[in-house]
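I opened this entry to keep track of what I looked up in a structure that was new to me. My topics were pockets, surface patches and salt bridges.

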Amino acid sequence: MTGYYKKVFNELEEQINELLFEQDNLLAPYEKVIEILLEKTAKLKDYALKAGFKNQQEEIHFFKQINPKFIVKLIYYNAVYKIETKKPQGAKAVKKYLNEELNKLKRYFDNNLEFYKYYGTNNTFIDNKLFV
């Protein structure tokens, strides 16, 4: 099952790199990347539902290792797109706006610090509660 996900992820990486390399308009490539990410995550979900999981460990591996690789890209490109579309004009206004956006991100990470610690240290003691 992992081979399929690697193939889909590698295709995704290539498509993103091509789109962002050909960047004439700042927002258009991000719109297309988000569209592709939504398609790929739907494809990933469909495959997982059809193929199923051999056991609980495989299911945990999917939700802890494979799925996040796709979702994190969707979150990132969606955030960049939203920030760019709402960015004001003028140097001072842009600086204030970007600082506010950074503060929002910091609050989000601070509020989820325990989960990031758990995930980042490869702990497994509550995997069956979080990822199944």
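My notes follow, topic by topic.

**Entry 1: the model.** I am working from a predicted model.

**Entry 2: the largest pocket.** I looked up its volume first, and the value is about 870 Å³. Which elements give two or more residues to its lining? I found α3 (56-86), α4 (91-111) and α5 (113-120). The lining has 24 residues, and α3 supplies the largest share of them, 14 residues. I then checked which lining residues lie nearest the centre of the pocket, and noted Val 72, Ile 75, Tyr 108, Phe 109 and Tyr 116. By class, I wrote down 17 nonpolar, two polar and five charged residues for this lining.

**Entry 3: a nonpolar surface patch.** I listed the residues that make a nonpolar patch of about 660 Å² on the surface: Leu 102, Leu 105, Tyr 108, Phe 109, Phe 115, Tyr 116 and Leu 130. Two or more residues of the patch come from each of α4 and α5. The most come from α4, which gives four residues.

**Entry 4: Tyr 108.** I looked at Tyr 108 separately because it is named both near the pocket centre and in the patch. Tyr 108 sits in helix α4. I recorded Tyr 108 as partly exposed, since its relative accessibility is 46%, between the limits of 20% and 50%.

**Entry 5: salt bridges.** How many salt bridges does the structure hold? I noted nine. I went through some of them in turn.

- Glu 114 and Lys 117 pair through their side chains at 3.7 Å, N to O. Both are in helix α5, three residues apart, about one turn of the helix. Glu 114 is exposed at 57% relative accessibility, and Lys 117 is partly exposed at 44%.
- Lys 106 and Asp 110 form a salt bridge at 2.9 Å, N to O. They are about one helical turn apart because they lie four residues from each other in helix α4. I have Asp 110 as partly exposed, with a relative accessible area of 43%.
- Lys 40 and Glu 11 form a salt bridge at 3.2 Å, N to O. This pair links distant parts of the chain, 29 residues apart: Lys 40 is in helix α2 (residues 27-51) and Glu 11 in helix α1 (residues 2-21).

**Entry 6: Lys 40 and Glu 11 again.** Is Lys 40 buried or exposed? I found Lys 40 buried, as its relative accessible area is 10%, under the 20% limit. Its partner Glu 11 is partly exposed, at 27% relative accessibility.

Note on methods: Residues are numbered from 1 along each chain as its sequence is written. This is a predicted model: local features need pLDDT of at least 70, side-chain atom pairs count only at pLDDT 80 or more; totals for chains, interfaces and linings use all residues. Side-chain values use heavy atoms; hydrogens and water are left out. On a 1 Å grid over the protein atoms alone, a cavity is a set of points where a 1.4 Å probe fits but cannot get out, and a pocket is an open set with protein on both sides within 12 Å along at least five of seven lines; lining residues have an atom within 4 Å of a point. Grid points are joined across faces, edges and corners, and a volume is the space filled by probe spheres set on the points. Ala, Val, Leu, Ile, Met, Phe, Trp, Tyr, Cys and Pro count as nonpolar, Asp, Glu, Lys and Arg as charged, and the others, Gly among them, as polar. Patches are made of residues with over 30% relative accessible area and no salt bridge: like charges are joined within 9 Å, nonpolar side chains (Val, Leu, Ile, Met, Phe, Trp, Tyr) within 5 Å. Accessible areas come from the Shrake-Rupley method with a 1.4 Å probe; for residues, only the protein chains shown count as cover. A salt bridge is a side-chain nitrogen of Lys or Arg within 4 Å of a carboxyl oxygen of Asp or Glu. Buried means under 20% relative accessible area, exposed over 50%, partly exposed in between (1.4 Å probe, protein chains only).
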